[in-house]
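Here are my notes for your first look at this entry. Keep the viewer open and follow the points in order.

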Amino acid sequence: MKVVIVGAGPAGLAAALAARAHGASVTLLDAADEPGGQYWRHLPPERPSANERILHHGWQRFTAMRRALEADAGCEIVMGAQVWAIERSDAPAQARTEAPMPAAPVVVHVLVGPPDGTGRAGRTFRPDALVLATGAHDRTLPFPGWDLPGVFTAGAAQAFAKGERVAVGQRVVIAGAGPFLLPVAASLVATGARVLGVFEASRIAGLVRGWLPKPWQLIGAAKKGGELAGYVGTHLRHRIPYATGRAVIAAHGTDRVEAVTVARVDANWRPVPGTEQRIAADAVCVSHGFTPRLELPIAAGCAISSSRFVEVDEAQQSSVAGVYAAGEITGIGGVDAALVEGELAGHCAAGGSPGDPEVRRAAKARTTFTGFAARIEAAHGIRRGWTAWLDDDTLVCRCEEVPYGRFRETAAQTCGSGLRSMKLTTRAGLGICQGRVCGGTVEELIGGGPETAAGGLLDQRGVAATTDRRPIASPVRLGELAGGIGPTEPTEPHLSKPTVQKGHQ
Amino acid sequence: MAARLLPASSDPIRPSGATPLAISLDGETVAGVAGQTIAGVVLASGRLAWRRTSADGRPRGLFCGIGVCFDCIVTVNGERDVRACQRRAADGDVVEIQHDALPEVRP
Ligand SMILES: Cc1cc2nc3c(=O)[nH]c(=O)nc-3n(C[C@H](O)[C@H](O)[C@H](O)COP(=O)(O)OP(=O)(O)OC[C@H]3O[C@@H](n4cnc5c(N)ncnc54)[C@H](O)[C@@H]3O)c2cc1C
Ligand code: FES
């Protein structure tokens, strides 16, 4: 049994261990040059330190998982491995019909080498089972001035604090929505920055509605008690103001951020006039939630739910037999959910069943997290009123520089002719990021959005159009396409010693 | 004030060593330490922007920090469109700012 796992974050690492424990040979691929994913992003080996664990939760668990996999000859770890396409090797309609355990009907194309390099080596896999654990990235809503240097996603601040010990600014405002804003504030403080305030758009009433029916899910069941208490401690010690029902509605400056405007917002996130407050800052970090990285599951043919996550069964198997999914791509549930989902996915991909005693604890824990993602969404989910803080010059699409005014005019002229033609006319979503940053925004502004996307936004062939469909998951250079694609190889590591390939070196 | 690399002496994680490196950015020498990304080296030198957009000539630098937005692209040793937040800096790297039209996504 050969299992290929894409993503070496919490979900992918747990999947690799479980698949090995059940006897499969494993290839673990990640585009980054260090395992750990977003949660355990850390300093590279060139920068050793005595006490890095204080920047992390669950650091011991991470280092133990990593050591076990690195020492295991049955697990090949390939870092610097960009999966740039997944091809179906059958007709999609055949999915999930055949007898006992057919091989996953997919071909996985990988380029190994320095990010965006010219001479990366191609590798191709046809695994028996595929586990996708590609995680998520920040979703940041546009606001006037959001394209100024000094405006970052909250994830960028987190990545550079943990991965480089660089604070993105010295006087920093953090804003947006969701529990993720707290660890970002804590990391910035631990990197020598002053956090002037954390502004959560959801109001207390919304937070209570989201969490009150089962408040223990926020603290107890999510095992986040210690972690949350730690953030609260940091906030108290450093006197970081935390305000709910407030949003950064503009950033000011000419060539860089010099100040932001923070305003109260109503329950629908519409700014309340007269409540604006200007705060001088040299950096602002904004995240309104996460967008799952769905291009690979979509390319593999996996069914995507109306709320835009990979649909999985109790074995973490997607609608495509042999293709499993775990972690943030199946719902934004945090690291603990990612770990148990990964364990189940790896175990089942290796031929196990979710009822097996080895995974009983994980199966039980997963039921605890069921609904956790829905609760985060209920408490912190984006509300439609945010569009009131846009002005005509606010860029909707950063790559193609499409301002809201032009976008709206086109929408009015073409009378809501759908996502595809809006994109072609305005070029919003057609830039080099392939709509990763603005996709959700573009869908929402023309009246779609996750809830109605399946019914509301049809492209010319009548297929539900979303901005997540990207057959090429990452830009590839023509030279690499022509010369660098390797022959299909068995995934069985044919080496007797542990294999850790660092594509970046 | 701007982005800053936390000095090792005041870092609570007690760093035990780092190797200095230098890259050139449009001919100017910028110092960093081994293991930093190009974006990390440039940011910590006090620069927030290293690209101008094609349509309006607006300054851009780091935005998503994890390889998703492509705002941070530069030319490295002659290779265009390299995401500065993803590529580790190597001593002697020649980094050039891209002023030209936005590259198309390559099929
Ligand atoms: C920048 C950022 C920082 C975060 N920091 C925190 C935090 O401090 N605390 C917290 O509670 N939560 C944090 N989160 C939320 C976080 O997503 C989860 O807590 C957790 O990391 C999810 O685990 P995962 O395994 O599902 O995905 P991830 O940890 O995101 O791992 C996915 C992995 O897949 C790889 N990958 C994706 N696509 C490809 C491809 N095409 N080819 C090859 N490899 C690929 C990525 O490189 C990545 O390593 C952060 C999220 C982001 C975006
Ligand atoms: S900052 Fe977004 S890709 Fe580098």
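How many residues surround ligand 1, and which are the closest?

1. The shell. The model is predicted, so read every distance below as computed from that prediction. In it, 32 residues surround ligand 1. The closest are A:Ala11, A:Asp30, A:Gln38, A:Gln158 and A:Glu328. By type, the shell divides into 15 nonpolar, eleven polar and six charged residues.

2. Where the ligand sits. Find the two chains. Ligand 1 lies between chains A and B. Now look inside chain A. Domain 1 covers 2–136 + 291–376 + 486–502, and domain 2 covers 140–288. Both give residues to the shell, so ligand 1 lies between these domains.

3. Which elements build the shell. Several pieces of chain A each supply at least two shell residues. Among them are three helices: H1 (10–21), H3 (154–164) and H9 (334–349). Strands E4 (81–88) and E8 (136–138) also do so.

4. Polar contacts. Start with A:Asp30. An N or O atom of its side chain is 2.6 Å from an oxygen atom of ligand 1. A:Pro10 uses its backbone instead: an N or O atom there lies 3.3 Å from a ligand oxygen. For A:Gln82, the partner is a nitrogen atom of ligand 1, 3.3 Å from a side-chain N or O atom. How much of the ligand does the protein cover? Taken alone, ligand 1 exposes 980 Å², and the protein buries 94% of that.

5. A loop residue. A:Gly37 belongs to the loop between strand E2 (25–30) and helix H2 (59–70) of chain A. Is A:Gly37 buried or exposed? Neither label fits: A:Gly37 is partly exposed, with a relative accessible area of 24%. Its C-alpha atom is 8.8 Å from that of A:Ala11, although the two residues are 26 apart along the chain.

6. An enclosed helix. Turn to helix H4 of chain A, residues 181–189. Nine of its nine residues are buried, so H4 is largely enclosed by the rest of the structure. The buried residues include A:Leu181, A:Pro183, A:Ser187 and A:Val189.

7. Cysteines. How many disulfides does the structure hold? Zero, over all chains. Take A:Cys433 as a test case. Its closest cysteine sulfur is in A:Cys399, 3.8 Å away, which is too far for a bond. The cut-off for a disulfide is 2.5 Å between the sulfur atoms. A:Cys433 is buried, at 2% relative accessible area. B:Cys72 also counts as buried, at 3%.

Methods: Residues numbered from 1 in each chain as written. Chains lettered and ligands numbered in written order. Predicted model: local features only at pLDDT ≥ 70, side-chain atom pairs only at ≥ 80, totals over all residues. Heavy atoms only, no water. Near = heavy atom within 4 Å. Polar contact = N/O pair within 3.5 Å; in protein donor to acceptor, adjacent residues only side chain to side chain. Areas by Shrake-Rupley, 256 points an atom, 1.4 Å probe, with all protein chains shown as cover. Helix = DSSP H or I, 4+ residues; strand = E, 2+ residues; numbered from the N terminus. Nonpolar A, V, L, I, M, F, W, Y, C, P; charged D, E, K, R; others polar. Domains from an automatic or database assignment. Buried < 20%, exposed > 50% of the residue type's maximum accessible area, 1.4 Å probe, protein only.
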